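I set out to record what holds the interior of this chain together in contact terms, and how its strands and aromatic rings are arranged. The entries below follow the order in which I looked things up.

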Amino acid sequence: GIEGDVRHLLDIDDLSREELFTVLDRAADYKLAQTRGEGHADLPGKTLGMLFQKPSTRTRVSFETGMTHLGGHAIFLGADDIQLGRGEPLKDTARTLSRYVDAVMARVFKHENIRVMAEYADVPIVNGLTDDAHPCQTLADLLTIRERFADLDSVSATWIGDGNNVAQSFVLGCALAGIDLTVATPEDHGIDEAVLERAADLGTAPTVTHDPVEAVTDANVVYTDVWVSMGQEDEREIRLRAFEGFQVNQELLEHAPEAAVMHCLPAHRGEEITDAVIESERSIVFDQAENRLHTQKAVLSWLLE
Ligand code: CP
Ligand code: NVA
């Protein structure tokens, strides 16, 4: 979205299709530069604030390392370590941080909270995951898919499991990138209607089904994520029952013999995916994880240039 002159990344469709490919190209350039040992300190003296209301391994370390590679600096702000945890309003936190840092990455619960931050901040706000969206993950996912299948228009991807934050941004990302997507979820755990409408507006809403076998048949990519997301721990038993039959395992993948398997991590082996599948040759989950670093750097330099 655009708030005044400042660009934010609250969800993946804050980027146009052209901007998405600009960021992905830039990420690929950074990846190559890093492989070749070429310096790319494009953000000297810049500081990123990183606010976390939920735990993180990949998002935290990729953003922090990314800022180091770009010649800048990142500050980890655990919600309970700053005054936010004692009740200082988010809008005051956002305005205060804006006076110090050049951009803020935030991982919060309610999606509305990232909107509040964007409304009050004078610097770019980057969504590092909300209950509804995970656009930074989608950037890494699209880079990973593009590395495997140069022509995105001919890729057929399947999301299986929960229609959660990672799923919703992936739906929008596939619509933007022109990837043919099928989504298979239990009836009550689908993608929000509003997200499906946004995808349709972008050009391609996914095919929606509740049948995992039908959904994965002949897919090039099979993507899943946990059944119990951060903040849903109280619903654990109910959710595990609701998702029975949606596990990505060898048996299901017999219907998609060529498919690469994706997972944003962390994975709960034995629930949404088996250990054997994650450890198999078809798994590209650590390429996804690595690509978080390259795409994070691309987003930061694109927003701050
Ligand atoms: N995929 C992802 O966002 O991982 P973290 O929760 O470790 O940041
Ligand atoms: N859907 C998961 C993703 C974690 C990166 C969660 O929100 O917990």
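Entry 1, nonpolar cores. I first looked up the largest nonpolar core, which has 57 residues; Leu 20, Leu 48, Leu 139 and Ile 179 are the members that touch the most others. I then asked which element supplies the largest share of this core. Helix α6, residues 165–177, does so with 9 residues. I noted that the core takes at least three residues from domain 1 (2–133 + 292–304) and at least three from domain 2 (137–288). The model I am reading is a predicted one.

I also found another core lying apart from this one; it has 22 residues, including Ala 215, Trp 227, Leu 253 and Val 277.

Entry 2, contacts of Leu 20. Leaving aside residues up to four places away in sequence, I listed Ile 12, Leu 15, Leu 139, Leu 142, Gly 173, Leu 176 and Ala 177 as touching Leu 20.

Entry 3, the sheet. I traced an open sheet of 5 strands, paired in parallel, in the order β9-β8-β7-β10-β11. Which strands stand at the edges? They are β9 (207–209) and β11 (260–263); each has a single partner strand, so one side of each has no neighbour in the sheet. On average, I read a turn of 20 degrees between neighbouring strands, direction ignored.

I next examined the pairing of β10 (residues 221–224) with β11: the two run parallel and are joined by 4 bridges. Tyr 223 has Met 262 in β11 as its bridge partner. Helix α12, residues 285–304, packs on the sheet and touches β10 and β11. I noted that the direction of helix α12 makes about 50 degrees with that of β11.

Entry 4, aromatic rings. My search of the whole structure returned 5 aromatic pairs. I took up the pair of Phe 170 and Tyr 223, with centres 4.9 Å apart and planes at 75 degrees. Why is this pair edge-to-face? An angle over 60 degrees between the planes counts as edge-to-face, and 75 degrees therefore qualifies. The pair links distant parts of the chain, since Phe 170 belongs to helix α6 and Tyr 223 to strand β10, 53 residues apart.

I then checked whether these two rings are buried or exposed. Phe 170 has a relative accessible area of 0% and is buried; Tyr 223, also at 0%, counts as buried. Finally, I recorded that Trp 159 joins Phe 170 and Tyr 223 in one aromatic cluster.

Conventions
Residues numbered from 1 in each chain as written. Chains lettered and ligands numbered in written order. Predicted model: local features only at pLDDT ≥ 70, side-chain atom pairs only at ≥ 80, totals over all residues. Heavy atoms only, no water. Core = buried A, V, L, I, M, F, W, Y, C linked by side-chain atoms within 4.5 Å. Buried < 20%, exposed > 50% of the residue type's maximum accessible area, 1.4 Å probe, protein only. Domains from an automatic or database assignment. Contact = heavy atoms within 4.5 Å. Pairing = 2+ DSSP bridges. Axes fitted to C-alpha atoms, helices over the stretch in contact; angles between N-to-C directions. Phe/Tyr/Trp six-rings, centres within 6.5 Å; stacked < 30°, edge-to-face > 60°.
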